[in-house]
Amino acid sequence: MSDFKKWAETPPLGWNSWDCFGAAVNEKQLRENAEYMAEYLKPYGWEYIVCDIQWYEPEAKDNDYNNFAPLTMDGYGRLMPAVNRFPSAKDGKGFKPLADYIHSLGLKFGIHIMRGVPRQAAAANCPVYNSVHTCREIAHHFSVCSWNTDMYGLYNCEGAQDYYNSIINMYADWGVDFIKCDDICVTEFRKWDNPYSADYEIEMLRRAIDNCKRKIVLSLSPGPAPRDKAEHLKENANMWRLTGDFWDRWEPLHDMFSKCKEWEGVTDTGSYPDCDMLPIGRLSKNGTCHGPQNRKSQFTVPEHYTLMTLWGIFRSPLMIGGNLPETDAFTLSLLTNAEYIKMHKTSFGAKEYLRNETDGKGVIIWTAEGEGCKYLAVFNTDDKKQSREIQLSFPAKHAFDIWEGTEQSVNNRISCEIEAHGAKLYKLS
């Protein structure tokens, strides 16, 4: 097993700032979410606090990107935290003081980065740290992100590796434990001929992390990751996105069943196809984004069960999207269900057992192996409540309902009633 696989022996569990704070998250909000996680979620295995995009932009204020905005940067073209939003970063300290605080809580710290080099670094022709090359020489001016104007992709050249080494070593010095790199899993500017055109930049990141002397988990975005590139992804990253940004609506949740089926059997120790974040709790606090501003998740209670059940049995990484200090009792109960967390950490061999739908409405069943047990997930994709009797093709005498905490005797047959768009999750023995 590659060393970097050992850094994520189970799918990462954490929180990411995007769904609630967008591009405008600040240090105070990160600290508050870390404090909540340390008190309420850490005992169940939640550990990552991830600062998402635009932490280097002083004027960021909501979920929108300010085109060609001035970015905070050092003399080597490396982006730095905007001090007006992250005051502990003053005097060139970067994220080290914040990372130190998060580590003091027993948690881990992550950041979002964009593929490549800042356009303003190329314009200024900044030298690359510890290199004979410059940012202008390595910038691939045709390789641009279709939805963000901050960066150029890099040429496949020696100086480009030097640049990735320089930023990864700086992040390691700060104490970064997790990097979410964006505009790299799919490069949308090339989607008409080669959406995986940044494969060599993925490899550069892998080499830089391997040589930085710090255990850093690597996550790649956005999706959809090409299924035929699964082996390359497994060789270079710990997790990669299966879709574009996932939000709190039933239609994309239903679509995820097909995505999980497409990637069935790929999950392995240290390699996790990623269904994206959990848009639950208090969302979009800084502006409207896929729904009203400052809203509770638009998922119904049954849809919450479907979301958590599918992500759990598929063993997707789990990154909470809502503002943690505002977590309601129901959402907290989902995140602190010990049997669910055990399944997520220890199960294997998840697969679609049955899919019987007409026009996207019906029943879907997934199974997985556990430690001395099996797991069974039953999903009602209909718009109305359903009663189901499931004849199992494997022996089972007892069924523990993980969400309800109840147990029943069964004789290879389970009867259940499931709300519209809801799910049942059983531990069978």
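## Strand β8 and its neighbours

Ser-219 in β8 stands opposite Met-239 in β9. Strands and helices here are DSSP runs numbered from the N terminus, with at least two residues (E) for a strand and at least four (H or I) for a helix. Please keep in mind that this is a predicted model: local features need pLDDT of at least 70, side-chain atom pairs count only at pLDDT 80 or more, and totals for chains, interfaces and linings use all residues. Residues are numbered from 1 along each chain as its sequence is written, and side-chain values use heavy atoms, with hydrogens and water left out.

Strand β8 (residues 217–220) is joined to β9 (residues 239–241) by two bridges, and the two run parallel. Two strands count as paired if DSSP finds at least two bridges between them. Strand β7 (residues 178–182) also runs parallel to β8, joined by four bridges, and here Lys-180 stands opposite Ser-219. Together, β8, helix α9 (residues 230–236) and β9 form a right-handed β-α-β unit; right-handed means that, with the strands pointing away from the viewer, the path from the first strand over the helix to the second runs clockwise.

What covers the two faces of β8 can be read from its residues: Val-217 and Ser-219 on one side, and Leu-218 and Leu-220 on the other, are all buried. Buried means under 20% relative accessible area, exposed over 50%, and partly exposed in between, with a 1.4 Å probe and protein chains only. In a regular strand the side chains alternate between the two faces of the sheet.

## An antiparallel sheet

An open sheet of three strands has the order β4-β6-β5, with antiparallel pairing. Its edge strands, β4 (117–118) and β5 (139–144), each pair on one side only. Three bridges join β5 to β6 (residues 151–154), and His-140 has Gly-153 in β6 as its bridge partner.

## Salt bridges

How many salt bridges are there? The count comes to 30, taking a salt bridge as a side-chain nitrogen of Lys or Arg within 4 Å of a carboxyl oxygen of Asp or Glu. One of them joins Lys-96 and Asp-100 at 3.3 Å, N to O. Both residues lie in helix α4 (residues 96–104), four residues apart, about one turn of the helix. Lys-96 is partly exposed at 37% relative accessible area, and Asp-100 is partly exposed at 37% too.

Glu-251 and Arg-249 meet in another salt bridge at 3.8 Å, N to O; Glu-251 is partly exposed at 48%, and Arg-249 at 39%. Glu-326 forms a salt bridge with Arg-282, their closest N and O atoms being 3.9 Å apart. This pair links distant parts of the chain, 44 residues apart: Glu-326 sits in the loop between β13 (318–320) and α12 (329–335), while Arg-282 is in strand β11 (residues 282–283). Glu-326 is partly exposed, at 34%. There is also a network of salt bridges linking Arg-115, Asp-183 and Glu-201.

## Cysteines

The structure holds zero disulfides, where a disulfide is a pair of cysteine sulfur atoms within 2.5 Å. Why does Cys-51 have no such bond? The closest cysteine sulfur, in Cys-20, is 11 Å from the sulfur of Cys-51, too far for a bond. Cys-51 is buried, at 0% relative accessible area.

Cys-145 is unbonded because the closest cysteine sulfur, in Cys-181, lies 11 Å from its own, too far for a bond. Cys-145 is buried as well, with a relative accessible area of 8%.
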